[in-house]
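Got the viewer open? Let's take a short walk through this one, selecting a piece at a time.

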Amino acid sequence: MRDWTDWDDAERVLQEGLQSGAYTAACLLVGRRERVLYRRALGRLSVEDDAPPANAQTRFDLASVTKPLVVGMLSLRAIESGRLCLWDRLDTFVDAPADKRGITVGQLLTHTAGFGTGLHLWRLARSAQESAGLLLNAPLESPPGSRVRYCCAGYLLMGQLLECLYHTELSQLANREVFAPLGMTSTGYRPQEGNIAATEMQDDGRCLQGVVHDENARFLNGVAGNAGVFSTMDDLALFMQMLSLQGALPDGTRYLSPATVRLAMRNHTPGLGQARGLGFALPSLDNGFAGDLFPPQTVGHTGFTGASFALDPESGLYVVFLTNRVCPSRDSLEIYRIRRLIHNIVYARAQ
């Protein structure tokens, strides 16, 4: 008879990914509300044989997990404080071109603003200061509100809009409004050197370490709405605990109202090609990164570098899975299957 508290299968899949070169480091944390059920770190920080081992305090480049963690939470807090609403138009805040004046905050947060995927600021702009103009003048590939097209442009723009709204640089805003209230002391933009998992190898033969992998965020000096945050599995567990407790912290402090959390996790894009909440993906209704067993109401997000989280809001079960799958190269695609296998194992055992 199977022991459903046995995590050997998770250990086996994690080790297989390590041995196949899917990543050099991985951290997996499983929890239900404020309780941690399983926690494991393995591998090394980089490809070198003498690279330090990864551990529970290893920071990973979160890539697009930055979107729900920073822009998503800042936007929800701004809604609660009466600074903006989902129906606010872009021209409420900036002098937008005619084709973008009617784009709403809700459309920016749900990838329905109409932007395409190929906006490469580092190739088009001479300086970071030119980025806002390039974003505002980028051609739209579809009418706003007509379809979901996952891209970074809307979150880059939303990050800059939040900076204008609060008159504060995004990294400081994230520290003040997100990381500090949630107790995420090992999370932030532009980390110092240390216990950080490396990402992709560069032309000089060195892997990036402590420098954001995303080219747009790197061009913007490491601080952007689409990417740039580094964090640990324990810090992300604090974020997940808050979401699983409907906006409350384990000590009872309230970060968001339950109504706000419900709004963020609802599918705002039915019939538009992908299922999107406010900052969140609904993987069971979209690309299935949460595997076969997590239910339709599951919310989460992935990052290009190999980071991800998934949460079943009903049971409070969550998974934080951090890897550096782009080390040494972005060509490895094994993480997509490994992630689904891990989620299946977790949901089967934790119910």
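Start with a little sheet: three strands make up an open sheet, arranged in the order 3-5-4 with antiparallel pairing. Select residues 60-61 and 188-189: these are strand 3 and strand 4, the edge strands, and each pairs on one side only. Keep in mind as you look around that this is a predicted model.

Now add residues 229-231, which are strand 5; two bridges join strand 3 to this strand, and the two run antiparallel. To see one of the partnerships, click on Asp61, whose bridge partner in strand 5 is Phe230.

Next stop: select residues 335-350, which make up helix 11. Why does its length look right? At 1.5 Å a residue, its 16 residues should span 22 Å, and the end C-alpha atoms are indeed 22 Å apart. Show the side chains and look for the buried residues, among them Ile335, Ile338, Ile342, His343 and Tyr347. What covers the buried residues of helix 11? Turn on helix 1 (8-20), strand 1 (25-32) and strand 2 (35-43), which are included in that cover, along with strands 6 (299-302), 7 (307-312) and 8 (317-323).

Last, the largest pocket, with a volume of about 820 Å³. Select Ser64, Tyr150, Cys152, Asp214 and Phe304: of the 34 lining residues, these lie nearest the pocket's centre. Helix 11 turns up again here, giving four residues, the largest share of the lining. Helix 4 (121-124), helix 8 (215-219) and strand 6 also supply at least two residues each. Colour the lining by type and you get 13 nonpolar, twelve polar and nine charged residues.

Technical notes
Residues numbered from 1 in each chain as written. Predicted model: local features only at pLDDT ≥ 70, side-chain atom pairs only at ≥ 80, totals over all residues. Heavy atoms only, no water. Expected span 1.5 Å × (residues − 1). Buried < 20%, exposed > 50% of the residue type's maximum accessible area, 1.4 Å probe, protein only. Contact = heavy atoms within 4.5 Å. Pairing = 2+ DSSP bridges. 1 Å grid on protein atoms, 1.4 Å probe; cavity = no way out; pocket = protein on both sides within 12 Å on 5 of 7 lines; lining within 4 Å. Points joined across faces, edges and corners; volume = space filled by probe spheres on them. Nonpolar A, V, L, I, M, F, W, Y, C, P; charged D, E, K, R; others polar.
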